[in-house]
Amino acid sequence: FNSYIIHPSVDFIQEFKAQTGVYSAEFGKGASQINVTTKAGTNEYHGALFEFLRNSAVDAAEWNAVGSKNPFRRNNYGFTLNGPVAIPKLYNGHNRLFFTSNFEQLRDRLTTQANASVATDAMRAGDFSSVSNKIYDPLSRVYNSAGVPTSATPFPDNKIPASRFNAIALKFFDYYPKASVAGSSIVRNYYTNTLSTTDSDQFNQRVDFIESSKSNWFGRYSWGDDTAAPGSVFDANKTVSVAKVKQAVLSNTRILSPAVVNEARFAWGQFHNDLVSTYANKRNIQSELGVEGLFALTPLGYGVPAIGLTQGLTSFGGPTPFITRDDTFQWMDNISVLKGNHFIKIGGEVRRDRYGQL
């Protein structure tokens with residue numbers, strides 16, 4: 001997806017650099033990218049505790065809102081702590097082991113007003129007398145010798161008798177709301193308040209170890225869990241996107257001689273992402289509807305099938321589930337050589353990508 005796995009807190013970042021155009025081969029491929037260096041621990045303890053707050057108390061109402069101002073809550077908070085691991089006399093009386101810990105959490109709740117165009121109560125009862133197009137009785141079709149229908153009888157007054165309603169079709173009404181505005185017009189005759197939720201959690205742990213004056217080690221483990229459920233005008237349309245990510249790296253920088261330095265590194269990144277209906281893993285809608293040939297491949301695929309409507313009516317249902325299981329393993333080594341007035345850097349990388357998608 002050409003996107004990041006981990007987005008560390010600002011206080012966990014030591015520095016960053018944007019790479020564009022033609023840049024060093026060690027950074028791989030891409031039109032542009034941003035390389036980030038995380039903070040290492042020091043001989044003194046340092047920390048930061050933060051919270052960013054936004055809510056509707058200090059916001060104006062939406063310009064097109066009907067009624068009172070919709071509620072909004074957004075809290076983004078966390079901490080960063082770094083310093084030495086106090087194990088005395090490790091290295092000439094100095095600390096050799098350091099840590100940096102970072103945790104961040106986001107909770108966002110936004111309510112907005114949405115509208116749709118739905119079938120009127122009369123239409124739901126089979127009364128289409130307000131529609132100019134004639135509705136013909138399919139059972140009255142007359143066919144020619146080639147099997148092509150040539151004529152049919154319209155329903156009187158464009159009213160379909162209840163006895164002709166399809167039992168399976170009626171089940172879909174459970175997921176298609178009634179109009180909230182009275183009348184025969186279908187134009188924006190349904191209004192509702194929709195809640196959008198965004199939850200994000202992440203944790204980063206870095207450890208640095210000075211093996212000797214010629215060898216330094218560092219390792220980092222990062223974990224993230226993001227869940228987004230955008231507001232939707234119909235419950236049947238509601239989706240949830242869940243991303244669970246992990247990343248780990250172990251690196252050693254070793255001075256082989258006054259003019260030669262080697263860096264070896266192993267890294268692993270995992271990206272698990274589900275874009276599914278809010279019914280996923282909860283309720284097998286496909287089985288309940290009983291439509292021939294309609295089924296869910298996995299409980300993650302539970303949901304209302306997408307129903308496309310025309311003539312100005314808002315469609316409902318969906319989405320098509322999109323499930324990703326991605327793992328990347330990376331081994332790399334760089335060696336830097338200073339030879340007179342020349343500096344040479346040579347390296348190699350082996351990477352295994354496991355990309356699974358349903």
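Modeller: Before we start, a residue counts as buried here when its relative accessible area is under 20%. Keep in mind, too, that this is a predicted model.

Colleague: Thanks! What share of the 358 residues in the chain is buried?

Modeller: The under 20% cut-off decides which residues count. Applied to the 358 residues of the chain, it gives a buried share of 31%.

Colleague: And what radius of gyration does the chain have, set against a compact globule of 358 residues?

Modeller: For a compact globule with that number of residues, one would expect a value near 21 Å. The C-alpha atoms fill a box of roughly 100 × 60 × 35 Å along the principal axes. The radius of gyration of the chain itself is 30 Å.

Colleague: Which residues have the most contacts inside the largest nonpolar core?

Modeller: That core has 18 residues, and strand 5 (97-116) and helix 3 (285-289) each supply at least two of them. In soluble globular proteins, nonpolar side chains tend to be buried together. The residues with the most contacts inside the core are Tyr175, Phe234, Val304 and Phe316.

Colleague: Nice. Which residues does Tyr175 touch, leaving out those up to four places away in sequence?

Modeller: Contact here means heavy atoms within 4.5 Å. On that basis Tyr175 touches Ala236, Tyr279, Arg283, Ile285, Glu288, Leu289, Val304 and Phe316.

Colleague: Last one: how far apart do the centres of the positive and negative side chains lie?

Modeller: There are 35 positive side chains and 30 negative ones in the chain. The centres of these two sets are separated by 2 Å.

Note on methods
Residues numbered from 1 in each chain as written. Predicted model: local features only at pLDDT ≥ 70, side-chain atom pairs only at ≥ 80, totals over all residues. Heavy atoms only, no water. Rg over C-alpha atoms; globule rule 2.2 N^0.38 Å. Buried < 20%, exposed > 50% of the residue type's maximum accessible area, 1.4 Å probe, protein only. Lys, Arg positive; Asp, Glu negative; His and termini not counted. Charge placed at Lys NZ, Arg CZ, Asp CG, Glu CD. Core = buried A, V, L, I, M, F, W, Y, C linked by side-chain atoms within 4.5 Å. Helix = DSSP H or I, 4+ residues; strand = E, 2+ residues; numbered from the N terminus.
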